[in-house]
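Trainee: I should like to go through the terms used for this model and see how each one is justified.
Mentor: Please choose a case, and we shall set it against its definition.

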Amino acid sequence: MKTKILYIVLAFSMVACSDFLEIDSETDLSNSTFFQTPEDYVKAVNGVYAPLRESYNKSAYVMGELRSDNSYYDYNSENRGQNPPEFIADFLETSTNVNIQAKWDNDFYVISRANKVLASIDDVEFDDSSLKDNLKGQALFLRALSYFDLVQYFGDVPLHLDPVTTLEGTALPLSTTEVIYKQIMDDVKLAETLLPNKTNQEPGRATSGSAKTLLGNVYMVLKMYSQAATVLQEVVDSKQYSLILTSYADVFDPSNKNNSESIFEVQYLEGSAGYNSNFIYQFMPQPITAEEVAQITGVSNAQSIGVEGFNLPTPDLIASYEAGDLRKDATINYINISATGMLTPYVAKYNHAHSQFNNTNDNWPVYRYSEVLLSLAEALNESDSGDPLTPLNKVRNRAGLGNVVTTDKAQLRDIILHERRVELAFENKRWLDLVRTGNADAVMKAFGDKVKANPQDYYFPVGTNPISSSYTTINTLFPLPSREVILNPNY
């Protein structure tokens with residue numbers, strides 16, 4: 001009897017377990033329970049944006065700014081756990097560098113999530129077709145933005161346009177830069193037709209102006225200057241954007257997020273939810289005492305930081321500002337550091353009032369209207385298709401500077417590149433501008449010679465020098481992350 005009862009119990013348990021496993025969990029989301037309603041797609045698109053916070057708060061500045069002659073690191077001989085950014089700054093990085101892997105990962109997180117939205121959204125009924133268009137446009141823009149990031153930093157990369165459903169599907173071969181750029185342009189052109197303008201879009205989200213600005217940036221990289229001039233002029237003519245004339249510093253104030261000059265910025269929120277930024281804490285000189293941290297930030301619970309500071313303004317950048325340029329004091333400030341006894345510069349652009357140590361409210365500007373004006377000036381100059389001085393001088397006049405009057409093409413080329421350097425300092429533009437304009441090798445070798453000749457001017461303690469092999473070879477592309485090469489047999 002006991003045996004029969006046990007058999008019946010086991011049999012019932014097996015049936016019950018089988019039935020249970022066939023029922024979708026009400027708390028664990030899956031493809032069968034999600035991507036069913038318009039509300040699901042709103043949430044999914046929110047998720048497409050999310051990896052941008054990680055990327056711009058940690059790795060983007062290392063590859064876009066610290067790589068350049070605008071900024072350097074604050075070498076700390078007592079703490080040697082910060083080498084990955086150093087190696088990127090000194091052109092000694094390898095494929096195992098964690099910053100390179102982080103950039104790759106976060107871009108593909110965006111792409112993967114965008115692909116999932118785009119693959120299924122047309123299968124769902126929307127009462128409001130404009131909402132569907134808006135969500136599709138945002139996903140297309142974010143996929144294009146991430147592939148544009150990847151192709152500029154890595155060159156040939158795998159092109160994933162569909163959700164990956166098999167292990168084999170994760171290991172695509174590399175696509176050429178030509179194929180990648182075509183897809184970026186296809187995505188962003190379609191996004192531009194689907195997205196509303198800034199007036200009609202929720203603050204912080206991609207707009208038709210964001211898409212046109214990205215497309216103009218792509219054209220500039222590809223030296224398609226006439227096309228760039230056309231699409232960037234459309235951004236200007238839309239009347240959706242304007243320079244903030246009260247103060248250059250007001251552009252970056254968190255109380256003024258997504259302002260009239262903002263075309264696209266990564267959104268952060270101070271607080272305990274995990275959406276905060278902390279740029280200023282990475283960009284201040286280190287090691288630094290709690291009192292000195294409080295002097296910079298004003299927080300009451302300041303703590304000392306004993307690692308390394310990154311993105312410290314170089315003497316080269318500081319010297320590049322013209323007399324009377326209002327951007328200089330809004331971008332760079334100084335503090336006496338007791339550890340070195342030196343008056344040391346730091347990036348003031350992202351230093352604003354906040355309540356808690358290491359928890360700030362600053363957004364990251366990806367595209368601003370001033371960049372549109374400078375890109376338009378460059379495109380008009382290179383294509384001989386219009387007046388480059390008007391957009392150029394609008395940016396200079398806001399900075400308190402007089403008009404440029406020369407019409408010499410070569411002189412204007414240099415002037416515009418310099419103007420981009422000081423206007424967009426610490427916004428991850430400088431390295432890509434040097435590569436795009438063919439100046440990376442000459443500029444960075446000359447910069448490296450100065451660092452080696454005068455290491456104390458570049459934040460090396462007395463008796464400490466950069467590695468002798470630094471700046472020997474100026475690689476304009478980063479190596480594919482070693483983990484990806486190991487796992488993908490097509491590389």
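Trainee: Why is Lys103 said to lie over the face of Tyr56?
Mentor: A charge sits over a ring if NZ of Lys or CZ of Arg is within 6 Å of the ring centre and within 35 degrees of the ring normal. Lys103 lies at 5.7 Å from the ring centre of Tyr56 and counts as over its face. Lys116 is placed likewise over the face of Phe35, at 5.6 Å from the ring centre.

Trainee: What kind of model do these values come from, and which pLDDT limits apply?
Mentor: This is a predicted model, in which local features need pLDDT of at least 70 and side-chain atom pairs count only at pLDDT 80 or more, while totals for chains, interfaces and linings use all residues. Residues are numbered from 1 along each chain as its sequence is written, and side-chain values use heavy atoms, with hydrogens and water left out.

Trainee: What makes Phe35 buried or exposed?
Mentor: Buried means under 20% relative accessible area, exposed over 50%, and partly exposed in between, with a 1.4 Å probe and protein chains only. Phe35 has a relative accessible area of 16%, so it is buried. This residue is found in the loop between α1 (2-21) and α2 (38-64); such helices (H or I, at least four residues) and strands (E, at least two) are DSSP runs, numbered from the N terminus.

Trainee: What is noted about the phi of Phe35?
Mentor: Phe35 has a positive phi of about 55° although it is not a glycine. Most residues other than glycine have a negative phi, and most peptide bonds are trans. Asn258, in the loop between α8 (225-237) and β4 (262-266), also has a positive phi, near 55°. As for peptide bonds, the one from Gln286 to Pro287 is cis, with omega near 0°.

Trainee: Why is the pair of Tyr72 and Tyr458 called stacked, tilted or edge-to-face?
Mentor: Rings of Phe, Tyr and Trp (its six-membered ring) pair if their centres lie within 6.5 Å; planes under 30 degrees apart count as stacked, over 60 as edge-to-face and the rest as tilted. By this rule there are 30 aromatic pairs. The ring centres of Tyr72 and Tyr458 are 6.3 Å apart and their planes stand at 80°, so the pair is edge-to-face. Tyr72 belongs to strand β1 (residues 71-74) and Tyr458 to the loop between α17 (440-453) and α18 (482-487), 386 residues apart, so that the pair links distant parts of the chain. Both Tyr72 and Tyr458 are buried. They also belong to a cluster linked by ring pairs, whose members include Tyr73, Trp431 and Phe460.

Trainee: How do you know that Arg368 is buried, and which side chains does its own side chain meet in polar contacts?
Mentor: Arg368, in strand β8 (residues 364-368), has 3% relative accessibility and therefore counts as buried. A polar contact is a pair of N or O atoms within 3.5 Å; within protein, one must be able to donate a hydrogen and the other to accept it, and residues adjacent in sequence count only if both atoms are side-chain atoms. The side chain of Arg368 makes such contacts with the side chain of Glu261 at 2.7 Å and with that of Ser370 at 2.9 Å.

Trainee: Which residues does Val366 touch?
Mentor: Contact means heavy atoms within 4.5 Å. Not counting residues up to four places away in sequence, Val366 touches Tyr56, Leu145, Phe264, Glu265, Val266, Glu371 and Lys429. Val366 is also in strand β8 and, with a relative accessible area of 6%, is buried.

Trainee: How do you know that the span of helix α4 agrees with expectation?
Mentor: The expected span of a helix is 1.5 Å times one less than its number of residues. Helix α4 (residues 98-120) has 23 residues and should span 33 Å; its end C-alpha atoms are 33 Å apart, which agrees. Asn97 caps the N-terminal end of α4, with a side-chain oxygen 2.9 Å from the backbone nitrogen of Asn99.

Trainee: What does helix α15 reach from its first C-alpha to its last?
Mentor: Helix α15 (residues 409-423) has 15 residues and reaches 21 Å, close to the 21 Å expected. Its buried residues, among them Leu412 and Ile416, pack against several elements, including β8 and α14.
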